Amino acid sequence: MADDLSKPFPKSSMSEEEIMKINKERRIQVTSFAFMIFLTILAFVAVATEMIEVGFAIPFILLLAVIQFFLQMYYFMHLKDKDHGWPNAFIISGVVLSTPALIALILLLGVTKY
Amino acid sequence: MSTAAATKDKSVLWDWLTTVDHKKLAILYLVAGGLFFIKAGLMAVFMRIQLMTAENDFLTGQTFNELITMHGTIMLFLAATPLIFAFMNFVIPLQIGARDVAFPFVNALGFWIFFFGGLLLSVSWFFGGGPDAGWTAYVPLSSGEYADLGLDFYVLGLQVSGIGTLVSGINFIVTIINMRAPGMTMMRMPLFCWTGLVISILIVFAFTPLAAGLALLMLDRLFGGQFFIPDMGGNAVLWQHIFWIFGHPEVYILVLPAFGIISEVVPAFSRKRLFGYTAMVFATLVIAFLGFMVWVHHMFTVGLGPITNSVFAIATMGIAVPTGIKIFNWLFTMWGGKITFNTAMLCASSFVPTFVLGGVTGVMLAMTPVDYLYHDTYFVVAHFHYIIIGGIVLGLLAGLYYWYPKMFGHKLNEKLGMLMFWLFYIGFHMTFFIQHILGLIGMPRRVYTYLEGQGMETMNLISSIGSFVMGAGILVLLINVVYSAFKAERITVNDPWDARTLEWATPTPIPEYNFAQTPQVRSLDPLFYEKMHGDGTIKPAEPMEDIHMPNGSILPFIIGLGLFTWGFGMVMINMENPIIPPAVVIGVGFVLTFGSMFIRSIKEDHGYHIPVEQVKKIEKEVS
Amino acid sequence: MSSSVDFSKGLPSHPEKATLEGKNKFLGFWVFLGGETIMFATFFGTFLGLREGTAGGPTAEELFSLPLVFIMTMLLLTSSLTSVLAMFSMKKNNHKSMLVLMIVTVLLGAAFLGFEIYEFVEYVHHGLGYTTSAFASSFYTLVGLHGAHVLFGLCWITTLIIRYSRSGITLTNAPKFYVASLYWHFIDVIWVFIFTVVYLLGIGGA
């Protein structure tokens, strides 16, 4: 029994339909990669050319980063798939609990009093 | 592919060093945690001797500072946490009907890393004295400018033992989510499993910021980082934030399993199901969430500003609501029950009023304006000892008396148990109740002496005597352990307490595979359900088959040793005259640690199988 | 725990989660990533809290160069794509293509690491030592920790590639590769925030 776990398989069990599905998903992944590259270029251009006002550029590039975060997590790391309930719970908890910590470390250092 | 168990021809020592069995690791945790508990308890007794009279010179101020730091650090990281892990390790797989935890190897790894981390912290005594900046290690007191080598041991010892705690936490989460027996849904899990799951999640989210904070302090002390030095653009408040972002959830990491134990012991000895099970689960989750949102209440007097303080004060008071729900549920569980007052139940039921006292002072401390008055006085000391001793230690004692027969095959002596309880309980209130008043009349905490004629002598004397009585209680417990090991009757029945949950369905002593056949769970309190609606035995969910078991391994021990060596090498950077160059020691530690991980990664280990004939033979022997 | 495998049917479509061990590894690793999130958040918070504290030393604006960061970002993002594609090959039981894609991932990661080392050496030459200021310490700690994660990932994936270069895809190594690729994506996610928050905000003058 245990030996089975170290043996390769002669073929894949996937049906034609499943292979079609997986190929389609692959295309989506490549598209989202292209989109991420686009977002990255956008962020760099926004800062490099100084076309946009600084006050607007900061929230803009932060927003781009957040979009990339979702693309990576939900597409590349498959969080959108089924059977990912618990992984979702842990990543969301991590983000939620990070938020007050981040705010405190940036704002509540006793320099400005709120 | 392996044949039958190869465990028989191992020597005893080798067996314990390489074990990956959750029941044996539980006992290792219990022994290691117990030893650290006694060590830190003795430190407390020394401090109380010093404070017994005014201007006493039993200890110097420096020694007192070191004792105060080590007492707090050891009690929280190296005594309470492993003692809780001991029970979680032993009980959780049994309660959810699993053969072992999800990652038996990681379980052993967690223990050995914790153990070697604790050892690293403890060897500080032999290299110029322990850390002396308090368990919170506030900068700049803990920076290279003011603190000596002891603090390097603090930083690296906690870093190492924290890694152990973290991997154990991950292991428990996966165990509880993935390894439950058929029919054991989340809402049928005993409350101890629920609290175990929740604190494991808290560990994952709280010990990681601690690791970050300790890394910063280490970089500051060893490599000249400038995080906390205002002249160089740093900020001292930063450390306080990071420490308490970890530190406050840590309190809940310790107290929630105690809640879990109480929620097991109280129904078992009240002969009633737990009142408000669902409410208890939700209260646990709410406490865990709020535990992350209140850390600034430790920093009210820093001066972060009025809005900040108000927000965190309100959040803090909010925690009283779910905690209150729990208190009432325990009371209603006992209400109208057929209560047996043995030692376990005495500890569990007396936990309730004691914990309420600690909770009430907690709400008092949450009020920002008056906190300016209480801050850094003995009032705070009294408050958190009511939580930690009145909550956690009483919970642990209840758990010890309750699960002892399953763990060791015999009960602890009841007469000695009663004596222990009353000594401990009276001693505890004598020590700490009076400290509320000491704090209110203005005695600051963390001072090694006080002057005559300030009205503090009598109360300090009473407090010190109380601590001796409490120490005597623990001494009686130790005598009880030895006495019962020799004199107590062996338990042969599955279920000596006539209890309710799945761990009592296993034979005593438990075979290494726990359940010959994975049980089928039909209800909350499955054993009780089968006693009422079935024939009192749990139905199997699968036919008798070969049982898959993990192989033991020495690698966890070596990884622990490697991290110890690495940590010690790091400390050597700050030593004035290291005999060996620190880089060599650090290198050896690295090779040991990562070499073992490498071997583990490339060597596929599928474990072995116990053949079904042997399972049948063992089952016949134990029943 | 894992009962016998039916080889005639072929590799399951989710080989990483076909056994209980695989499922445990998968979930355990996600839990670990949840913890890493808040650990990195702490370092990000430290950097953001201290980034004005240059103590007279070089500032972000004086040091950072956008083209270098851009190249590094492209390298790491592309390596993320190759490791995604490797996982598709794994699911299709295409061992060779998986290995090739993983090797490309490692090469891209190594190039990234090379640029990072070059970058650090440059900064030191420009007078930004580790002890220069709180800004310097927190910058090197945050970005260096990310670099250390990259280095660990490289060693890990290289070990897997060499160990399983001839074995084919099995139910034992599929979860290992899958988890390593999750780790690699996570490193990439962290880098997205580093280039945004550290470099772009630093140069943007905010």
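In this predicted model, no salt bridges (0) link domain 1 of chain A to domain 2 of chain A. Polar contacts do occur there: 3 residue pairs, both partners at pLDDT 80 or more, join the two domains. The buried area between domain 1 and domain 2 of chain A is about 470 Å². Carbon and sulfur atoms give 64% of that area. On the side of domain 1 that touches domain 2, 5 residues are nonpolar, 1 is polar and 1 is charged.

Domain 1 of chain A spans residues 19-81, and domain 2 spans residues 83-114. Their centres, taken over C-alpha atoms, are 22 Å apart. Each domain of chain A puts residues into the contact: 7 from domain 1 and 7 from domain 2.

Chain A also meets chain C. Here 66 residues of chain C touch 56 residues of chain A. About 5400 Å² is buried between the two chains, 77% of it on carbon and sulfur atoms. Within chain C, the residues that lose the most area to chain A are C:Phe7, C:Trp30 and C:Phe88. Together they account for 14% of what the chain C side buries.

Between chain C and chain A there are 0 salt bridges. Polar contacts number 5 residue pairs, with both residues at pLDDT 80 or more. Three elements of chain C each give two or more residues to the side that touches chain A: α1 (20-50), α3 (66-91) and α6 (173-203). Of these, α1(C) gives the most, with 15 residues. By class, this side of chain C has 36 nonpolar, 24 polar and 6 charged residues.

How values were computed. Residues numbered from 1 in each chain as written. Chains lettered and ligands numbered in written order. Predicted model: local features only at pLDDT ≥ 70, side-chain atom pairs only at ≥ 80, totals over all residues. Heavy atoms only, no water. Contact = heavy atoms within 4.5 Å. Buried area = accessible area lost by both parts, 1.4 Å probe. Salt bridge = Lys/Arg side-chain N within 4 Å of Asp/Glu carboxyl O. Polar contact = N/O pair within 3.5 Å; in protein donor to acceptor, adjacent residues only side chain to side chain. Helix = DSSP H or I, 4+ residues; strand = E, 2+ residues; numbered from the N terminus. Nonpolar A, V, L, I, M, F, W, Y, C, P; charged D, E, K, R; others polar. Domains from an automatic or database assignment.
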